[in-house]
Amino acid sequence: MNLKKWTLNHTKGLLLGIVTPLILAPFVIWVISLTQSYYFEQLWHKFSMNKPYQIKIITIAIIANLGWFYLFLNKEKYSIAMGVILGTIVFAPYIVYIKFF
């Protein structure tokens, strides 16, 4: 990756890689609430207060970035695919911080 050749497609992929897990985290909590017979509000409160639980939900939501990555890889839009990977990596410091500190 050459940062000197950063394009608009890299930025699109980066934003897509960051926004997708943020949008899907409430959806994941909703699906878990339906399958486990909990109230959504109860799991949302647990998500907002319990840091190890946040890691689990965010990690599940990040898996959706694999779909974007393979979609753009198959369309041979490598710069957007690279941006999606970078957007996924943005979450790594937060997850490591919560896990170990």
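Begin by selecting F47, I57, I58 and I95 in this predicted model, since these are the residues that touch the most other members of the largest nonpolar core, a set of 14 residues. To see where that core comes from, colour α1 (8-36), α2 (40-49), α3 (51-62) and α5 (78-100), the elements that each give two or more residues to it. Of these, α3 gives the most, with six residues. In soluble globular proteins, nonpolar side chains tend to be buried together.

Stay with I57 and show what surrounds this residue: leaving aside residues up to four places away in sequence, I57 touches A25, V28, I29, I32 and F47. Apart from this core lies another, made of five residues, and selecting F69, I80, A81 and V84 will show you some of its members.

Next, select Q54, which is found in helix α3. Is Q54 buried or exposed? Its relative accessible area is 8%, and because the cut-off for a buried residue is under 20%, Q54 counts as buried. Around Q54, and again not counting residues up to four places away in sequence, you can pick out contacts with F47, S48 and Y94. F47 is thus a residue to keep displayed, as it is touched by Q54 and also by I57.

Now move to helix α4, residues 64-74, and select N65, F69 and F72, which are buried. Which side of α4 do they occupy? They lie on the same side, because they cover an arc of only 75 degrees around the helix axis. An α-helix has 3.6 residues a turn, so residues three or four places apart point the same way. If you then show what covers the buried residues of α4, you will find that the cover includes α1, α3 and α5. Before leaving this part of the chain, select E76, just after α4, where the backbone takes a positive phi of about 60 degrees.

From there, go on to I85, which lies in helix α5. With a relative accessibility of 35%, I85 counts as partly exposed, because that value falls between the cut-offs of 20% and 50%. Draw a distance from I85 to H10: although 75 residues along the chain lie between the two positions as a separation in sequence, their C-alpha atoms are separated by 9.9 Å.

For the surface, select F27, W30, V31 and L34, which together make a nonpolar patch of about 390 Å². Within this patch, W30 has its place in helix α1, and at 41% relative accessibility W30 counts as partly exposed.

Finally, zoom out and show the whole chain as a cartoon. How many helices and strands does the protein have? The secondary structure comes to five helices and zero strands, and from the N terminus on the elements run α-α-α-α-α. Taken along the principal axes, the C-alpha atoms fill a box of roughly 45 × 30 × 15 Å. Buried residues make up 30% of the 101 residues, and when the accessible surface is displayed, it comes to about 7,000 Å², of which 70% belongs to carbon and sulfur atoms. Among contacts between residues at least 6 apart in sequence, 66% join residues at least 24 apart, and the contacts of I57 with A25 and V28 are ones you can return to in the viewer.

How values were computed. Residues numbered from 1 in each chain as written. Predicted model: local features only at pLDDT ≥ 70, side-chain atom pairs only at ≥ 80, totals over all residues. Heavy atoms only, no water. Core = buried A, V, L, I, M, F, W, Y, C linked by side-chain atoms within 4.5 Å. Buried < 20%, exposed > 50% of the residue type's maximum accessible area, 1.4 Å probe, protein only. Helix = DSSP H or I, 4+ residues; strand = E, 2+ residues; numbered from the N terminus. Contact = heavy atoms within 4.5 Å. Patch = residues over 30% accessible without salt bridge, like charges linked within 9 Å, V, L, I, M, F, W, Y side chains within 5 Å. Areas by Shrake-Rupley, 256 points an atom, 1.4 Å probe, with all protein chains shown as cover. Salt bridge = Lys/Arg side-chain N within 4 Å of Asp/Glu carboxyl O. Arc of directions from axis to C-beta.
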